Amino acid sequence: MSSSLSVLGKERIVTIDIIRGFALFGIFLVNMPAFHSSEFLSMLYGVEHAHTGADYWLDFFFTLFIDMKFFTIFSFLFGLGFYIFMSRAEEKGLKMKRLFTRRMVALLVIGLLHLILLWFGDILHTYAITGFLLLFFYKRKIKTMIIWAISLLVVFNLFLSLSLILPESILDEINQESIMIYEEKIDEYVETYESAGYAEWVSYRIQTEVIPVLSNLIGNMIPILAMFLFGLAAGKAGIFKPNTVHHGFIRKFQIIMGVVSIPLLVFLALAKLELLATGFKGVIYIELFTSLTGVTLCFFYISTLTLLLKKQQWQKRLRPLGYAGQMALTNYLAQTIICMAIFVLGGLYNDISLLAGTIICLVIFGLQIVVSYYWLKTYQFGPFEWLWRSVTYGKLQSIKKVSTVKNKVS
């Protein structure tokens with residue numbers, strides 16, 4: 001394996017930052033309903049929100065083209081980032097495993113604080129715990145990584161499909177029981193978000209949200225590790241090198257993933273329209289085809305963006321996404337803080353439509369792009385990236401750009 005830092009060229013950095021910004025935006029769109037409404041209970045008990053009008057079709061569009069598609073992109077990029085981090089440390093002669101372990105411990109702490117003190121939808125703690133497993137694959141062959149990744153996805157989706165073999169009567173009984181529990185809990189849940197003090201709110205969330213989230217940790221790790229491994233394999237194969245020899249492969253892969261996605265999207269649309277099944281079985285179909293399209297469209301989006309960004313005009317057009325992507329950790333955590341302030345402290349919880357929430361999301365993300373742009377004019381990293389980097393290396397890192405420091409001295 002070559003650890004050449006040619007993979008760290010300017011073109012590579014810009015491309016990955018833009019793809020990361022694109023993924024961050026998609027994740028924010030998906031997360032927004034969970035910030036302003038009782039999305040957690042709906043997901044926990046498999047109860048679909050009854051959207052109407054514009055919200056119905058917006059939810060339909062999100063299910064087909066947004067849900068699970070950007071989370072998988074972010075996971076893929078995490079695996080790619082692991083390869084870049086380890087190859088950098090290896091070339092510099094640093095203790096790469098120790099550094100990466102410290103890096104994951106820091107991310108785990110940030111993630112758990114985020115999960116417990118702010119929001120149930122934190123993904124950082126899962127990334128951190130799953131990230132430790134990547135250490136077992138860094139020196140493995142690309143073929144081994146791909147086999148493991150595909151196997152994990154097959155197991156995960158087979159597990160999602162198991163409920164489909166149950167008799168209709170049992171599924172209906174499960175569905176009715178889930179709806180009853182949901183209806184018993186929903187009023188208390190919303191009231192707590194609307195009127196509880198912070199300490200009471202956190203205490204309620206630990207029992208209602210945090211414990212169920214952590215109890216599902218292993219299941220959630222399976223598809224994440226798969227996408228990590230795909231990203232690691234892509235990094236090791238040099239897919240994102242500026243002068244990669246894999247340009248033809250990327251184009252063929254884009255076409256294949258696009259073609260494979262079409263029938264899966266058709267089935268997902270039919271499931272969403274309740275033409276395949278209703279009740280709990282319909283929810284299972286939606287979960288299954290959302291998971292499958294989450295992988296195929298993830299690769300279609302990544303390959304399409306990678307090909308587009310080979311052209312300078314697209315680098316320029318999409319560069320604003322790169323500013324947000326360069327500060328992805330800071331912007332991800334800031335999204336939670338901003339949305340909790342608007343919806344929970346601002347008294348708007350459970351009073352916002354999907355369309356209104358999407359518009360708010362667009363406004364916030366647009367502002368994050370602007371703030372990221374001006375911040376990066378002076379600083380090398382976002383504030384949370386700087387903190388994470390400082391803990392990783394065991395000392396405070398320089399945050400200001402060298403040119404800025406020189407200008408001040410002169």
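This report describes a predicted model of a protein chain, covering confidence, cores, one pocket and several single residues.

## Confidence

The model is predicted, and the mean pLDDT of its protein chain is 92. Of the residues, 95% reach 70 or more. Residues 1-9 have a pLDDT below 50, and in the model this stretch makes 18 contacts beyond near neighbours in sequence. A pLDDT below 50 is also found over residues 404-410, a stretch with 4 contacts beyond near neighbours in sequence.

## Nonpolar cores

The largest nonpolar core is made up of 114 residues. Within this core, the residues with the most contacts are Ile73, Phe76, Leu232 and Phe240. A second core, separate from the largest one, has 7 residues, including Phe156, Leu160, Leu171 and Leu288.

Which residues does leucine 232 touch, apart from those up to four places away in sequence? Its partners are Gly79, Leu80, Phe82, Tyr83, Leu134, Phe137, Tyr138 and Met145.

## The second largest pocket

The second largest pocket has a volume of about 1,600 Å³. Its lining is formed by 45 residues, and the closest of these to the pocket centre are Asp17, Arg20, Arg88, Gln326 and Phe381.

Several helices each supply at least two residues of this lining: H1 (10-36), H4, H5 (96-117), H6 (124-131), H13, H14 (328-345), H15 (354-378) and H16 (383-393). Which helix gives the largest share of the lining of the second largest pocket? That share comes from H4, with 9 residues.

## Helix H13

Helix H13 spans residues 312-326 and has a kink of about 55° at arginine 319. The kink lies shortly before proline 320. The buried residues of H13 are Gln315, Leu318, Leu321, Gly322, Tyr323, Ala324 and Gly325. H13 is also one of the helices that supply at least two residues of the lining of the second largest pocket.

## Two loop residues with positive phi

Methionine 68 lies in the loop between helix H3 (53-65) and helix H4 (69-91). Its phi is near 70°, a positive value in a residue other than glycine. Is methionine 68 buried, partly exposed or exposed? With a relative accessible area of 26%, methionine 68 is partly exposed, because this value falls between the limits of 20% for buried and 50% for exposed.

Glutamate 274 is in the loop between helix H11 (247-272) and helix H12 (279-308). Although glutamate 274 is not a glycine, its phi is positive, at about 60°. The relative accessibility of glutamate 274 is 52%, so this residue counts as exposed, a class that starts over 50%.

## Two residues within helices

Serine 261 lies in helix H11. Why does serine 261 count as buried? Its relative accessibility is 2%, and buried means under 20%. Leaving aside neighbours within four places in sequence, serine 261 is in contact with Thr296 and Leu297. The C-alpha atom of serine 261 is separated by 23 Å from that of glycine 21, a residue 240 places away along the chain.

Glycine 81 lies in helix H4. At 27% relative accessibility, glycine 81 counts as partly exposed. Glycine 81 and asparagine 175 are 94 residues apart along the chain, and their C-alpha atoms are separated by 41 Å.

Terms used
Residues are numbered from 1 along each chain as its sequence is written. This is a predicted model: local features need pLDDT of at least 70, side-chain atom pairs count only at pLDDT 80 or more; totals for chains, interfaces and linings use all residues. Side-chain values use heavy atoms; hydrogens and water are left out. A nonpolar core is a set of buried Ala, Val, Leu, Ile, Met, Phe, Trp, Tyr and Cys residues joined through side-chain atoms within 4.5 Å. Buried means under 20% relative accessible area, exposed over 50%, partly exposed in between (1.4 Å probe, protein chains only). Contact means heavy atoms within 4.5 Å. The bend at a residue is the angle between axes fitted to the seven residues ending there and the seven starting there. Helices (H or I, at least four residues) and strands (E, at least two) are DSSP runs, numbered from the N terminus. pLDDT is the predictor's confidence in each residue, from 0 to 100. On a 1 Å grid over the protein atoms alone, a cavity is a set of points where a 1.4 Å probe fits but cannot get out, and a pocket is an open set with protein on both sides within 12 Å along at least five of seven lines; lining residues have an atom within 4 Å of a point. Grid points are joined across faces, edges and corners, and a volume is the space filled by probe spheres set on the points.
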